[in-house]
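Reader: Please take a close look at the site where the ligand sits. I would like the contacts and the surroundings in one connected account.

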Amino acid sequence: MGAFEGKSVLVLGGSRGIGAAIVRRFAADGATVVFTYSGSRDAAEALAAETRGTAVETDSADRDAVIARVKDSGALDVLVVNAGIAVFGDSLEQDPDAIDRLFRINVHAPYHASVEAARQMPEGGRIIVIGSVNGDRMPVPGMAAYALSKSALQGMARGLARDFGPRGITINVVQPGPIDTDANPADGPMKDLLHGFMAIKRHGRPEEVAGMVAWLAGPEAGFVTGAMHTIDGAFGA
Ligand code: NDP
């Protein structure tokens, strides 16, 4: 029996990168996994076939679509909010619409999805949101909106932990440092700069983040809530 046999898991943003590793991990551990995607239909369908999961198109920038998706998922045992984007560049030059879209995906969707999930979650339900070490430390210019969005998740988790705790539902933020994905390739131009901040001078693997998510979703983590869990090779230390 897998650790999550019989459990119902929804991953928002599961088609690629860290989200795909989380989908694979829960599927391998026996869960029934539904995951959303927005732009990567082919990758999502291939992952669904590989994991015997279900891929559904839902744009995390669309608040009402996110709420409807979570509501339609019924009584989830685990919600993982992974979908997130970064917008790089001079804050004085950035398009305010692009910044607002970032906030809708990175902040509004996690909040509304978490609240909607908690309505139907059973006792012992788990909510895990993928933040970033940039919520704690932002050592380069051009990423203020992204850092703001990831810091906002910290306050959200602290507050919702109070709201949901009496029902045995936990909410936690996983804060990766540089992880090898399309968004931050291990051989990308930022590699040397990023590794310079780190004690373990390599990008992390998506599977390493998925392992932390699985622990937080499992029975050993029932007393862990309202907390940030950093996995970053000491990028933020
Ligand atoms: P990728 O860009 O590799 O993948 C992003 C995933 O999120 C894709 O599955 C994508 O789906 C989905 N997604 C993005 N926008 C939307 C949207 N509007 N609606 C639905 N799904 C969406 O990113 P990573 O795997 O690297 O990052 C995943 C999370 O981890 C993000 O929250 C990111 O901020 C965080 N993180 C990443 C780090 C890194 O170094 N990689 C470091 C710290 C945090 P699709 O392509 O189908 O739209």
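**The ligand and its pocket**

Author: A nitrogen atom of the ligand lies 2.8 Å from a polar backbone atom of Ser 60. Keep in mind that this is a predicted model. Two further pairs involve side chains. Ser 15 places a polar side-chain atom 2.8 Å from an oxygen atom of the ligand. In Asn 184, a side-chain N or O atom is 3.0 Å from a ligand oxygen atom. The protein covers 92% of the ligand's accessible area, which is 880 Å² for the ligand on its own.

Now the shell. There are 31 residues around the ligand. Those that come nearest are Ser 15, Ser 40, Asn 82, Tyr 146 and Thr 181. Ser 15 thus appears among the nearest residues and also in a polar pair with the ligand. By class, the shell holds 15 polar, 12 nonpolar and four charged residues. Two elements, α1 (17-28) and α5 (144-164), each give two or more residues to the shell.

Next, the space itself. The ligand sits in the largest pocket. That pocket holds about 1200 Å³ of space. Its lining is made of 49 residues. Gly 84, Ile 85, Tyr 146, Thr 181 and Ala 183 lie nearest the pocket centre. The elements giving two or more residues to this lining are α1, β2 (32-37), α4 (96-120) and α5. The largest share comes from α1, with three residues. Sorted by class, the lining has 24 nonpolar, 20 polar and five charged residues.

Two names link the pocket to the ligand. Tyr 146 and Thr 181 are among the residues nearest the centre of the largest pocket, and both are also among those that come nearest to the ligand. The helices α1 and α5 do likewise: they are listed for the ligand shell and for the pocket lining.

One more pocket deserves a word. The second largest has a volume of about 160 Å³. It is lined by 13 residues. Phe 4, Lys 7, Gly 124, Ala 217 and Gly 218 lie nearest its centre. Six of the lining residues are nonpolar, three are polar and four are charged.

Conventions:
Residues are numbered from 1 along each chain as its sequence is written. This is a predicted model: local features need pLDDT of at least 70, side-chain atom pairs count only at pLDDT 80 or more; totals for chains, interfaces and linings use all residues. Side-chain values use heavy atoms; hydrogens and water are left out. A residue is near a molecule or strand if one of its heavy atoms lies within 4 Å of it. A polar contact is a pair of N or O atoms within 3.5 Å; within protein, one must be able to donate a hydrogen and the other to accept it, and residues adjacent in sequence count only if both atoms are side-chain atoms. Accessible areas come from the Shrake-Rupley method with a 1.4 Å probe; for residues, only the protein chains shown count as cover. On a 1 Å grid over the protein atoms alone, a cavity is a set of points where a 1.4 Å probe fits but cannot get out, and a pocket is an open set with protein on both sides within 12 Å along at least five of seven lines; lining residues have an atom within 4 Å of a point. A molecule sits in a cavity or pocket if more than half of its atoms lie within 2 Å of its grid points. Helices (H or I, at least four residues) and strands (E, at least two) are DSSP runs, numbered from the N terminus. Ala, Val, Leu, Ile, Met, Phe, Trp, Tyr, Cys and Pro count as nonpolar, Asp, Glu, Lys and Arg as charged, and the others, Gly among them, as polar. Grid points are joined across faces, edges and corners, and a volume is the space filled by probe spheres set on the points.
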